[in-house]
Amino acid sequence: LDYCYSNPSATVRFVASGMQLNVESDASYLSVSKARSRAAGYFYLSSRSNPVHNGAIQVNCHVLREVVSSAAEAELGALFYNSKEACPLRITLEELGHLQSPTALITDNSTAAGIANDTVKQRRSKAIDMRYYWIRDRIRQGHFTVEWKKGKQNLADYFTKHHPKRYHVQIRSTYLFDDNNPNRNYF
């Protein structure tokens, strides 16, 4: 109710794009009680050749059930859960006539991206929950690609952390369209 009161005319703007699903994934390690971590995903449609950040079609934010042993494992868990959520969206888009190239999963953790892409040789991380390796199989099948991008540019980062009120006001134009100040909008 506080959100509705603070944003009485909230608007999400969508622009024409090639209907390719993109997912930005993030996790915060040990940020929840009982040594748990939070994972988030920001799902939007864009073009591959000319990527534009549309408004979200889905935003996920949840606490990982598993207690993870590193930030990389938390990020890999976020990639796993977000890619599982992306599968029905990919199928729906294809059934609507929008053929999907491999869905880009964006993460801000290079180790998690390396584990998912099989470019990092694991030594100490042998204890990573084996269900997270499902993402490797889906990458090999051509359903997903995992890419690294700086954390400040990751749209899912906002949903994994606790922020003070002034930060919420500052970042609002990234996720909502502001008719009063269209030059300030991210989209």
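Author: Let's start with a definition: accessible areas here come from the Shrake-Rupley method with a 1.4 Å probe. The model is predicted. For the protein chain, that accessible surface comes to about 10700 Å², and carbon and sulfur atoms account for 53% of this area.

Reader: What makes up the protein chain, in helices and strands?

Author: The protein chain has five helices and five strands. Read from the N terminus on, the order is α-β-β-β-α-β-α-α-β-α. Of its 187 residues, 43% count as buried.

Reader: Why is E24 called buried?

Author: Set the value against the cut-off. Buried means under 20% relative accessible area. E24 has 0%, which is under the cut-off, so E24 is buried. You can find E24 in strand β1, residues 20-32.

Reader: How do you know that E24 and Y44 make a polar contact?

Author: Their side chains are joined at 3.3 Å. A polar contact needs N or O atoms within 3.5 Å, so this distance fits.

Reader: And what makes the pair of K149 and E24 a salt bridge?

Author: The limit is a Lys or Arg side-chain nitrogen within 4 Å of a carboxyl oxygen of Asp or Glu. The closest N and O atoms of K149 and E24 are 3.1 Å apart, therefore the pair counts as a salt bridge. It links distant parts of the chain: K149 is in the loop between β5 and α5 (165-175), E24 is in strand β1, and 125 residues separate them. K149 is buried, just as E24 is.

Reader: How many salt bridges does a search of the whole structure find?

Author: Five. Another one pairs D118 with R140, with the closest N and O atoms 2.5 Å apart. That distance is within 4 Å, so the name fits here too.

Reader: Where in the chain do D118 and R140 sit?

Author: D118 is in the loop between α3 and α4, while R140 is in helix α4, 22 residues away.

Reader: Why is R140 called exposed, and why is D118 called partly exposed?

Author: Exposed means over 50%. R140 has a relative accessible area of 56%, so R140 is exposed. D118 has 39%. That value lies between the two cut-offs of 20% and 50%, so D118 is partly exposed.

Reader: What makes D137 and R140 a salt bridge?

Author: Their closest N and O atoms are 3.2 Å apart, which is within 4 Å, so the pair qualifies. Both residues lie in helix α4, three residues apart, about one turn of the helix. D137 has 37% relative accessibility and therefore counts as partly exposed. Together, D118, R136, D137 and R140 are linked in a network of salt bridges.

Reader: What stands out about the phi of D118?

Author: D118 has a positive phi of about 60°, although it is not a glycine. For background, most residues other than glycine have a negative phi.

Reader: Which residues touch the most other members of the largest nonpolar core?

Author: They are L21, L76, Y132, I135 and V146, in a core of 30 residues. Elements that give two or more residues to this core are β1, β2, α2 (71-95), α3 (110-116), α4 (134-140) and β5 (144-148). The largest share, ten residues, comes from α2. In general, nonpolar side chains in soluble globular proteins tend to be buried together.

Reader: Which residues does L21 touch, beyond those up to four places away in sequence?

Author: Among them are F43, Y44, L45, I57, A86, L89 and L93. For the protein chain, 67% of the contacts between residues at least 6 apart in sequence join residues at least 24 apart.

Reader: What makes the nonpolar surface patch?

Author: V12, F14 and I57 make it, and it covers about 260 Å². Patch residues need over 30% relative accessible area. V12 has 38%, so V12 passes that test. V12 sits in the loop between α1 (2-6) and β1.

Reader: One more: why is N54 called buried?

Author: N54 has 3% relative accessibility, which is under 20%, so N54 counts as buried. N54 is found in the loop between β2 (36-46) and β3 (56-63). The C-alpha atoms of N54 and A16 are separated by 8.7 Å, with the two residues 38 apart along the chain.

Note on methods. Residues numbered from 1 in each chain as written. Predicted model: local features only at pLDDT ≥ 70, side-chain atom pairs only at ≥ 80, totals over all residues. Heavy atoms only, no water. Helix = DSSP H or I, 4+ residues; strand = E, 2+ residues; numbered from the N terminus. Buried < 20%, exposed > 50% of the residue type's maximum accessible area, 1.4 Å probe, protein only. Contact = heavy atoms within 4.5 Å. Polar contact = N/O pair within 3.5 Å; in protein donor to acceptor, adjacent residues only side chain to side chain. Core = buried A, V, L, I, M, F, W, Y, C linked by side-chain atoms within 4.5 Å. Patch = residues over 30% accessible without salt bridge, like charges linked within 9 Å, V, L, I, M, F, W, Y side chains within 5 Å.
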